[in-house]
Amino acid sequence: MKKLINAPDAVVADALRGFEAAYAGRVKVDHELATVYRADPPLLGTVGLVSGGGSGHEPLHAGYVGHGMLSAACCGQVFTSPVPEQVLTATRRVDTGAGVLQLVKNYTGDVMNFEMAAEMAAEEEGGLEIATVVLDDDVAVENSTWTAGRRGTGATVFAEKLAGAAAEEGRPLADVAAIARRVNENARSMGMALAPCTPPSAGRPNFTLAEDEMEMGVGIHGEPGRATAPLAPAAEIAEQLLAPILADLPFSRGDQVLTLVNGMGSTPLIELYLMYGEVARILAAHGIHVARPLVGNFITSLDMAGCSVTLVRADDELVRLWDAPVDTPALRWGR
Amino acid sequence: MKKLINAPDAVVADALRGFEAAYAGRVKVDHELATVYRADPPLLGTVGLVSGGGSGHEPLHAGYVGHGMLSAACCGQVFTSPVPEQVLTATRRVDTGAGVLQLVKNYTGDVMNFEMAAEMAAEEEGGLEIATVVLDDDVAVENSTWTAGRRGTGATVFAEKLAGAAAEEGRPLADVAAIARRVNENARSMGMALAPCTPPSAGRPNFTLAEDEMEMGVGIHGEPGRATAPLAPAAEIAEQLLAPILADLPFSRGDQVLTLVNGMGSTPLIELYLMYGEVARILAAHGIHVARPLVGNFITSLDMAGCSVTLVRADDELVRLWDAPVDTPALRWGR
Amino acid sequence: TSLTVEGLTRWLRTYATTIADHEEHLTELDAAIGDADHGTNMARGMTSVAALLDDQTFETLDVLAKKVGMALVSAVGGAAGPLYGTFWLRFAQPLAGLATADADQLSRALHAAVDGVRQRGKADVGDKTMLDALVPAVDAYDTAITQGADLPVALTRAAEAADAGCAATVPMVARKGRASYLGERSAGHQDPGATSAALLLRAAVK
Amino acid sequence: TSLTVEGLTRWLRTYATTIADHEEHLTELDAAIGDADHGTNMARGMTSVAALLDDQTFETLDVLAKKVGMALVSAVGGAAGPLYGTFWLRFAQPLAGLATADADQLSRALHAAVDGVRQRGKADVGDKTMLDALVPAVDAYDTAITQGADLPVALTRAAEAADAGCAATVPMVARKGRASYLGERSAGHQDPGATSAALLLRAAVK
Ligand SMILES: Nc1ncnc2c1ncn2[C@@H]1O[C@H](COP(=O)(O)OP(=O)(O)O)[C@@H](O)[C@H]1O
Ligand SMILES: Nc1ncnc2c1ncn2[C@@H]1O[C@H](COP(=O)(O)OP(=O)(O)O)[C@@H](O)[C@H]1O
Ligand SMILES: [Mg+2]
Ligand SMILES: [Mg+2]
Ligand SMILES: [Mg+2]
Ligand SMILES: [Mg+2]
């Protein structure tokens, strides 16, 4: 295993130290509870936005803390959801009386830990108001009430951005949560890997792929995907990623979408630009209008090579919220 | 070789198509000459800024085209400098009468192709005014008048940003060139690799490294470095990168610096955060003050794993120019 | 024969050692159908429990179990943290104020614990989770007690049933937890959580 | 015996074929001490030259050579583009208006070409570049002519000298081009540009 780290069990703590130094003045880090906060004090009467999850998906979530996006991000160990104490403390700290929205990716661990935090918060006297939106946009996983359901992937970036913009506008908790829910309901994602990742504590990749193979339907935790497929040209890979996405919602001719072509962590930007070209071509052929494209590494899986595509069907309000000013380590415009 | 591409010789053209779609409205692409321009017409009386080089270093240079930075970026084939025709055309197109600054990384091919373009421009009637600044900040290479000299690496990002800010302020060509020269004179870089990259046309890595080895003093073209060294913890790698940088300028106690911890293309962000923490620690111990840190993938080497560090000793003017608004695909703030 | 505070402490210490010994194995199992952290997660949790046992002494079973549950909830994270945390938090409830538990009291504690896991995770037997080890273990324990076995024997039956339940997860297609994302591909692998649960019962009889 | 437009065309076509055959080899050499693109660069350039030869006919040597130089400058990029481009642009100059060149005229053209490369790249013999093949080649050509050899023989001597010069780059420590970044580590590898230059001379006698 080759990584720029000191020791496998110090990765998250060491990275948070560097993160704090790199974004000093814009974020504050509670190192004891591995939680990142906005440096500016929360505006009275605005809804707090707390998210979090296992580490290894950088810039998610800490990179999205700041004006117009998250109030706090709770960082778990690599690929391990944070614990209730982290979430509870963050929730309390960012509450200004207007309540707190918790954005949770749909993984059993994340859901249960956030749930326990919400239960504990509810037990407190004068308990604060909490809303939770669970994100589950990954079409690679079949959905059913019998299973853990779909994974939360690319939709998370959009939910954090758009709910964050709504919170920044001073809208009430119910509205902010409704935005996040609308994002999730209209979002679909699919991912693929050219090469697996190596979790630091495991020291080796979770699966292997031959030189002429790729893994389709992967998540963001280095787990094997739904199927191993023969390696294909980018144009073909884009088709394989988009087909299940388009069919699932379904997206239709005339739809306006936010589009993310996301790198898995070790995919060079030139390949992501190229993939976006293929995705744009296919969407144009389907009469789907990309209102806002986003291309880069936004929700990663350590050093996995590959990409994912997320589409969010967006009405004009969602597009407007996307355009609203944001000032975080990983997304920044309008200020 | 596993890449998200269609064919090795179509990579640059395909990526530029995707790039144009991803940043439509902000950049324009001349596909015939593989050159990226700002979408807004150049402001009369402002100096044009042209850079370029081989592809494979994304987001450099095309990702730095926009308000407050480059006017145009000429894209060569992967790791191959652009040809004079590209540079000449771009230079002509961005000239508003105030002249054009060409920013060139110090590689024989880049220098000669830009030189030929400048010669051709000078031969034209009413020839436009051209200044050229060659960047050569890489301390891994010993400098001498007998050799090709040092490579241009991380300083390029700073030269493009700071000269771009000066040009945006409407300053004359001599001033804008002087800023770029000041950046270069005060910039030093050093890079290392955990794993080599695979150029698409070669189909395999340029060198090999054992599981317990790293390559010190690498450039950004997948070439072997100055020496193969035993793999070390991040704290130690940071020392090895900073020692030659600090000694070379030299940087001294009380200096104020712009600092880049740069990923080589397939290094996950969590490792770059962590590396920045180590770099910040060492600089603090040397009494060097980081005025502005930058952490991420800004000048890459395809899918090479590893990082580089760049320090620029900066007076208050350079810091002010760094803070000036910029709106490009890869760097964006203040608007 | 009954479970004392000292006995429970010994059980937990043994389990902490077992987990340390099996850390890599659990992570390997999780690598195949999950995210390769179950060993690390459990090791981090049981290290925290062992520290608790070193630092404090306990008068009653419930206080000890509750602290263990809280330690796991705050140290583990992931799926295993809330599930094993809930296990011990609920285990404590029927034992309120008791310094020792007889076989029936222990049965109630185990039932509460396993029901807690079931509620927290919304899973059940056959979903390829730790419940596939825990549920048969409690059933086997009850059967042994009903048949007049003493506590050590009943716990041995429980451990055997947990082992068998764990082995039975191999052919299952997961419906809960991360392994469910793999669909049919999850078959052919032993569930990591069922494995750590079987080790928990084994630790009780060591 | 003299060099005709047809002869130069044949030389260039042969070189285009040679480069296509050696593309991988040149890239491999460049991978060892450069950036693994010399084969691709030269192949792109000579494909463009071959297209030029297909599309147009030429009356004089200088017009042909100039077009070849321009084609290389606009198609190749990197170090090889300006260097080989300059080679042919300068090769053209002493041949202005000529449909054929005798041995002396060709000598002047070769000298102009190689001096052009020297000026453009600010390198010289011993720096581990294409000049280590080109300079001895021109010297050998001149020597042969002085000794009364005819043009084919002189070109054969040039090709032999280029091969020897190319082989001589192996132990050299590079002072110019990318290989110079490697310092002492550049020793032990044959220079890719010297190799493509030696192939250019070989193509002249095929
Ligand atoms: N809903 C659930 N109910 C019961 N056990 C579960 C559930 N989901 C997962 N598990 C158990 O948790 C184990 C995985 O734990 P761990 O790897 O520590 O957490 P994570 O899956 O969050 O990485 C699985 O092997 C399974 O036995
Ligand atoms: N300054 C120079 N003078 C003469 N030849 C040079 C010089 N620099 C490089 N070369 C030649 O160019 C070759 C490399 O060409 P190529 O790989 O196509 O370009 P690049 O180095 O830009 O990738 C080297 O092997 C060397 O022979
Ligand atoms: Mg996990
Ligand atoms: Mg090159
Ligand atoms: Mg796991
Ligand atoms: Mg080369």
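**Exercise 1. In what order do the six strands of the open sheet in chain B stand?**

Before you start, keep in mind that this is a predicted model.

*Step 1.* Walk across the sheet from one side to the other: the order is S9-S8-S7-S12-S10-S11, and the pairing is mixed.

*Step 2.* Now look at the ends of that row. S9 and S11 (289–296) of chain B each have a single partner strand, so one side of each is left without a neighbour in the sheet.

*Step 3.* Check how the sheet turns as you go across. From one strand to the next, the twist averages 20°.

*Step 4.* Zoom in on one pair of strands. S10 of chain B (residues 256–263) runs parallel to S11(B), and seven bridges join the two. For a spot to find on screen, take B:Val261, which stands opposite B:Val295 in S11(B).

*Step 5.* Finish with a helix. H6 of chain B (residues 234–248) lies across S7 (187–195), S8 (213–216) and S12 (305–313) of chain B. Relative to S7(B), helix H6(B) runs at about 155°.

**Exercise 2. Describe the interface between chain B and chain A.**

*Step 1.* Begin with who touches whom. Three pairs of chains are in contact, and chains A and B share the most contacts among them. On the chain B side 54 residues take part, and they meet 54 residues of chain A.

*Step 2.* Next comes area. The size of an interface is often given as the accessible area lost when the parts come together. For chain B and chain A that comes to about 4500 Å², with 65% of it on carbon and sulfur atoms. Within chain B, the residues that lose the most area to chain A are B:Lys2, B:Leu4 and B:Tyr273, together 21% of what that side buries.

*Step 3.* Count the polar links. There are zero salt bridges across the interface of chain B and chain A, but you do get 20 residue pairs in polar contact, both residues at pLDDT 80 or more.

*Step 4.* Ask which elements of chain B are involved. Those that each supply at least two residues to the side touching chain A include H1 (11–22), H7 (269–285) and S14 (332–333). H7(B) gives the most, with ten residues.

*Step 5.* Sort the residues by kind. The side of chain B that touches chain A has 32 nonpolar, ten polar and twelve charged residues.

**Exercise 3. Do the same for chain B and chain D.**

*Step 1.* Here 38 residues of chain B are in contact with 33 residues of chain D.

*Step 2.* The area buried between chain B and chain D is about 2700 Å², and carbon and sulfur atoms give 52% of that. B:Thr80, B:Met112 and B:Met116 supply 19% of the area that chain B buries against chain D, more than any other three residues.

*Step 3.* Look for salt bridges: between chain B and chain D the count is five. In one of them, the side chains of B:Glu115 and D:Lys122 meet at 3.6 Å, N to O. The interface of chain B and chain D also has 15 residue pairs in polar contact, both at pLDDT 80 or more.

*Step 4.* Which elements of chain B each supply at least two residues to the side that touches chain D? They are S4 (72–78), H2 (84–94), H3 (108–123) and S9 (227–230). H3(B) gives the most, with seven residues.

*Step 5.* By kind, the side of chain B that touches chain D divides into 15 nonpolar, 15 polar and eight charged residues.

*Step 6.* Don't assume that every chain meets chain D. Chain A does not touch chain D, as their nearest C-alpha atoms are 17 Å apart. Chain C and chain D have no contact either, and their closest C-alpha atoms lie 36 Å apart.

**Exercise 4. Explore two local features of chain A.**

*Step 1.* Find the hairpin. S1 (residues 27–30) and S2 (residues 35–38) of chain A run antiparallel, joined by four bridges. A:Asp30 has A:Thr35 in S2(A) as its bridge partner.

*Step 2.* Look at the turn. Four residues sit between the strands of this hairpin, and A:Ala34 takes a positive phi near 45°.

*Step 3.* Now find a salt bridge within the chain: the side chains of A:Asp248 and A:Arg188 meet at 2.7 Å, N to O. Why does this pair tie together parts that are 60 residues apart in sequence? It does so because A:Asp248 lies in H6 of chain A (residues 234–248), while A:Arg188 lies in S7 of chain A (residues 187–195).

*Step 4.* Put that in context: over all chains, the count comes to 71 salt bridges.

Definitions and conventions:
Residues are numbered from 1 along each chain as its sequence is written. Chains are lettered from A and ligands numbered from 1 in the order in which they are written. This is a predicted model: local features need pLDDT of at least 70, side-chain atom pairs count only at pLDDT 80 or more; totals for chains, interfaces and linings use all residues. Side-chain values use heavy atoms; hydrogens and water are left out. Contact means heavy atoms within 4.5 Å. Buried area is the accessible area (1.4 Å probe) that two parts lose on being put together, summed over both. A salt bridge is a side-chain nitrogen of Lys or Arg within 4 Å of a carboxyl oxygen of Asp or Glu. A polar contact is a pair of N or O atoms within 3.5 Å; within protein, one must be able to donate a hydrogen and the other to accept it, and residues adjacent in sequence count only if both atoms are side-chain atoms. Ala, Val, Leu, Ile, Met, Phe, Trp, Tyr, Cys and Pro count as nonpolar, Asp, Glu, Lys and Arg as charged, and the others, Gly among them, as polar. Two strands pair if DSSP finds at least two bridges between them. Axes are lines fitted to C-alpha atoms, for helices over the stretch in contact, and angles run from 0 to 180 degrees between N-to-C directions.
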